[in-house]
Amino acid sequence: YWDSGDATDHSHAKPGVATPASGTWYRLYKSGWVEQGGTVGDPNGVCIPVTLPIAMKNNSFTAVVSGNTSGIVANYDAITCVRRSSTQIAICTTGQQANGCSWRVDGYAA
């Protein structure tokens, strides 16, 4: 489904899959493998739920998160990404992330 000419080209999305909200992206391959990611604002010491643009096959997927920096020093106290279900992750911190966080999920789509 994915056209390598444009990493955020949703015109080749799997039928029935909506274009994700601003700030998120996905690549869905014919094999069923999906790569998706996005950004969230400053969790500021709490957990922010993130609904995945493409549902995963099960809970066996890779989920990573990192703090964004753009010349501003951020507090990197324990940024974690919790797999909640095949459709949602949570990004949690114990401190402030001045420029928010970026997340990425890789695995097989439902």
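**Notebook: salt bridges and a small sheet**

I began with a charged pair: E35 and R27 join their side chains in a salt bridge, with N to O at 3.0 Å. For my own reference, a salt bridge here is a side-chain nitrogen of Lys or Arg within 4 Å of a carboxyl oxygen of Asp or Glu.

Before going on, I noted that this is a predicted model, where local features need pLDDT of at least 70, side-chain atom pairs count only at pLDDT 80 or more, and totals for chains, interfaces and linings use all residues. Residues are numbered from 1 along each chain as its sequence is written, and side-chain values use heavy atoms, with hydrogens and water left out.

**Entry: the charged residues**

How many salt bridges are there by this rule? I found that the count comes to 3.

Next I checked whether the two residues of my pair are buried (under 20% relative accessible area; exposed is over 50%, partly exposed in between, with a 1.4 Å probe and protein chains only). E35 is buried, at 14% relative accessibility. R27 is buried too, with a relative accessible area of 19%.

I then looked for another partner of E35 and met R104, which forms a salt bridge with E35; their closest N and O atoms are 3.8 Å apart. This pair links distant parts of the chain, 69 residues apart: R104 sits in strand β7 (residues 101–108) and E35 in strand β2 (residues 33–40). Strands are DSSP runs (E, at least two residues), and helices are runs of H or I with at least four residues, numbered from the N terminus.

Is R104 buried or partly exposed? At 30% relative accessibility, R104 counts as partly exposed. R104 also forms a salt bridge with D106, the closest N and O atoms being 3.0 Å apart. D106 is buried, at a relative accessible area of 17%. Through shared partners, salt bridges join R27, E35, R104 and D106 into one network.

**Entry: the sheet**

I turned to a sheet and wrote down its order: 3 strands, β3-β6-β5, form an open sheet with antiparallel pairing. Which strands are at the edges? They are β3 (47–51) and β5 (80–83), each pairing on one side only. Strands pair if DSSP finds at least two bridges between them.

Following β3 further, I saw that β3 and strand β6 (residues 88–92) pair in the antiparallel sense over 5 bridges. My last note is that C47 stands opposite C92 in β6.
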